[in-house]
Every structure is written in C-alpha cells, then in structure tokens.
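Me: I have a structure open and would like to go through it. Can we take it piece by piece?

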Amino acid sequence: MGIARSLDIAITGLNTYSTDIEIIGNNIANVNSTAYKEFRAEIVNSLVLLENPGTPVTADTAGSNPIQFGLGVEIGAVTTDFSIGPLITTGISTDVFIDGAGFLVVEDAFGQQFFTRNGALQLDANGDLSTAEGLTVQGFQVDADFNITDEIGNLNIPIGTLTIAGETTTASLEGAVDPTGEIATDATILDSLATNTTDLNTPLADVTVDGQPIIDDGSGAFTEAVTITYTPSGSDLTPAPASIILNPTDPLSTLTNFIVGTLQIDTDLEQPAGNEPGATILDTGQVRLTGNLGTINDFSVSTSDFVVETVADGTLGSYNLPFEDRAQTANGESAGLQFEVFDNVGDALPVTASIYLDEVNNTGSVFQMIFSSSANEVADGIDRTVGMATLAFDTNGNLTDVVGNEITITRGGVPQTITIDVDGIQALAVATSQIVLANQDGFPPGTLEDFAIEEDGVLSGLFSNGQVRPLGQIVLAQIDNPSGLLVEPDSLYSLGPNSNVVAIGAPNDVTGGLLAGALEGSNVDVTMSLVDLIVASTAFVANTRTVATSQDIFDALIALPR
C-alpha cells in the first residue's frame, strides 16, 4: 500500500516542520531576552524500508544496488547554541556580562543549584546578591579580616550596617631638615616669681607668692579640692589642654609635673648641662621650668592659661604662679608636626613630633626626634612623651641610622605600639626644615555605603571613610557539554544526564572575566531565523501537497468501479 505509506510520510513532514517552526518562532520571540541561547532543530530522515539489499558483483553478473524506501522525517535533536551574545551596556553597577563560557552559580530557597548567564543582579531584602527572580548568587566568602576564603555561599552585602575601623601600626614621615643650621644647645628656661619655699614637696596649701596662695579656691586660700585646667597658648606646637584634681595637701611637685607634662616636655632626654628638662626649684624659691632643645620647642606660661574650679560646686578660683622671668630661649634648627593615628576602634589619637639638629661631624649630622601624645595615660599625673628617636645622616643627606623608631600610646592600661617610618626624611640645606605625614595605615570608623563588582568577580565594598574591602567573590562554573544542560524557566539551566560541572572557581581562573554595568544580549540572528522560517514553512506547505496528491490518487481509485 504505497499510497497509504505516502500519507504517513507526509504526516511526519508536517509534524517535523511544524515543530521546527515552533523552535524558530521561540527564537524570534526571545530576540531581546537577556542571555537567551538560540535553539536549532537537527532534522534527519526517519526509518528506511529495505526491500532488497542489492547483489554483489560476480564473474557473470553486474552487482545491483539496494531497493529501499524512506519512511519520512523527524527531529533528530534540538541543540542549543552557546555562543556568546552581544554586549549590552546598561550602566547599572550590579549587572554583569560574562566574558567567556562560564555560568553564574545560583541557588533557590531550597538549596537547589542552578546555572545562568543572565547577569541582571540585585540585592534582596537580606542584602544577598541575587537574580531578579530571587535566587541567590554563590561566591567565595571572606573571613573577619576580609581575606577571601575557599568557602562558597551566599554573597551578603550589608550596606548601611557593616562598620570597620583600623588601628594604626605604621606611620610614615617625610621631609627635609637643614644640617647647616644652628646646632641646638639651649632649651627654654622660665622662672616663676619667688615663692616662700625651696622644697617641691611643700604642700600646695602652704605655697604663696608675695603672701598670696599660688592656688586660690575662691576663698582667698587653698582649703578644698579643685580642678585645674591648663590650656597652653605660648608654643608653636600648641599642646592639647589637660586637667587635674589637686588637693591642698598635694606637694608642689604635683602641680609642676602637671605643667611639664601638659607642655609635652620629655624629661628623659639627655641635654647639655644646665638644660636638664623638667621642673626644679631654686634657692631663691623660684620654680624653674626647662624645656627641650630646638626653637620648635620654645614655650611660655601665662596665668591666664589656667582655670581653677572647686570640685564640690564649681566655684571659680585663681592660679597665681606666673612664670615671667625668661632665663633662656631655646635655639637650634628644628621642625615640628602634629598628626593623628587611630586605635583599634577608630578613635583618633593626636601625636606631636619635633626634630632638632643635635650634632654635626665629619660623617654627617645627627637629629633628635621627640614624640608626644595628649592621649597617653599614666597611672599618676600626666606624661605625654610616647617615644624618641635619633636619626643619623651622611654628608649627602641620606639617612644612615635610626635608633628608637617606635612610639607607644597607652590608654586604659592597654599599650598601642606604632612604628614610625622615617626613611623619607633627608638632611638637606633647605630654607626651612619641614616634616610631614606621608601616610599611616589606620583609619576612623566607616560604614559600608556601596560596592563594585570587579573583573575578577571580587565585590569591593566602599566605606564612608574611604576604605575599600573585599566582601566576597562571585564564582563561575565551567560546564562540560553545555548543550546537555536542561533548560529551566527564568533563563536558568540545571545539569542533565549528558552534562557535568568541570570546575567552579574565580572568574579569569575558570572561564573569563566579568564586566560590570553590562549584560549579555540574545544570540538569536533575526535575519537567519526569518530565512529558516521561510524554509521550514515552505517545507510544511510542500508536505501538504503530498497529502493532497495522495488524496487525489485515492479518489481516482475509488471511482474506478463506476
């Protein structure tokens, strides 16, 4: 029944080409779908009916070819074209274009893993990087120190809640100091008016100047505890104010040590005879204050710098020990600097550095540095000195040796040691000696404000204090035989029986990098699809003609008996 078979064959053609038209139509419909991959129908002939296999060539006869009939056509396979689609710039920072054959790895709420090339990402309500459909993007996590680990999980971006601060461990200074200047030999020496004592251990309540108590609690005498606040005003490197509670029974040395400490005078520094730093009392009853060498360390003390209040009720009193006699003024080439460092919670700690020319010899020059901080705390009184250093330079001005390049600031009984890098300081014949802070590795508290996706998939967090820290790293999957993936809704794929994950790793290491602010367009070629549509529809119409012709033949056969 060849005629009947022709109808069956025509039907296979109609079925096959209608399916082909469906596939082509689906491609055209998805011409603007993000990262859509074009399907292609592989059309093959169906079963073949073999009536005679043919005969071989013999000595007496020629061979004959087989007699066989095709039984129609069918879809042999539907393959996916995974060629990369065009780059479409969006300007949206969370959009990513995959410049390679890799796939983003995503998970649904049940932990089921999928793959996608649709890089239209966003942050969900929990701050997790996710697809528009709510699947979370997977990536390498970071530890507490923002080091990227090999643990893979959701990528959380806690904008507005994550805060960081950095403790300073190193501060770098640079500049130039003049070795041809005056060698420092003298410190500032101030003498007070004569008191009625020559002993610094004399109780403050008993110390007077011209019969007037040096501390008056507002009653004309010193009879109750007071708070004294000293705000130095006569120094190029103006120290921060300081306060102390004094009792009438405290010795005079408590007050003088407080003044010396507030002025940031380093009493441990060795200085020429007659210039020993600190506070002493002369046989005349005058209190003598001696500072450090270098013009930058000159100072003065005025009674107006002091505010006296009673502890009990804040009654104003007065400070009455003026230092009006300037016995000597500091000399020597010098420079100074005030800068900030940070503790482990990001609190700013002020530091003052002064440097002066101490020695010049045939090998070069030697400068002394003094470091102080008003944040430094001691168990008793006030001591702002936190370090000192000796810098040696050769005759060309190059630094050759450093002794003591660390400072230690103690707060709450906890010391913080900071290395001071002075390699950037030179000894040159400059008009004015100057040192500056080049950089330091601490920073104040900052809150995560934004993030950026780098080419290697690293999520760089941008904090309000200018710091940048990695928050994670997007991973890509390398798939063996991507055409074997199962197509899921929402531009997703899952592993099929004939596909396999070769590797999951960082972009560039696996399958190319990422480009933020762009997406991958559909790889459908509209022109070619329209041509394929014409070819498929023509084939479909041709098969309908086979049906019509077969019907005509049937009609003719039926009419024969008449």
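**Surface patch, salt bridges and sheet**

Reply: M528 is found in helix 3 (residues 526-559); helices (H or I, at least four residues) and strands (E, at least two) are DSSP runs, numbered from the N terminus. This is a predicted model, where local features need pLDDT of at least 70, side-chain atom pairs count only at pLDDT 80 or more, and totals for chains, interfaces and linings use all residues. Residues are numbered from 1 along each chain as its sequence is written, and side-chain values use heavy atoms, with hydrogens and water left out.

Me: Is M528 buried or exposed?

Reply: M528 counts as partly exposed, at 45% relative accessibility. Buried means under 20% relative accessible area, exposed over 50%, and partly exposed in between (1.4 Å probe, protein chains only).

Me: Switching topic, how many salt bridges are there?

Reply: The count comes to 6, a salt bridge being a side-chain nitrogen of Lys or Arg within 4 Å of a carboxyl oxygen of Asp or Glu. In one of them, K37 pairs with E520, and the closest N and O atoms are 2.3 Å apart.

Me: Which parts does that pair tie together?

Reply: K37 lies in the loop between helix 1 (2-29) and strand 1 (39-45) and E520 in strand 42 (residues 518-520), so the pair ties together parts 483 residues apart in sequence. K37 is buried, with a relative accessible area of 1%, and E520 is buried, with a relative accessible area of 1%.

Me: And D343, what does it pair with?

Reply: D343 forms a salt bridge with R411, with 2.6 Å between the closest N and O atoms. D343 counts as buried at 7% relative accessibility, whereas R411 is partly exposed at 32%.
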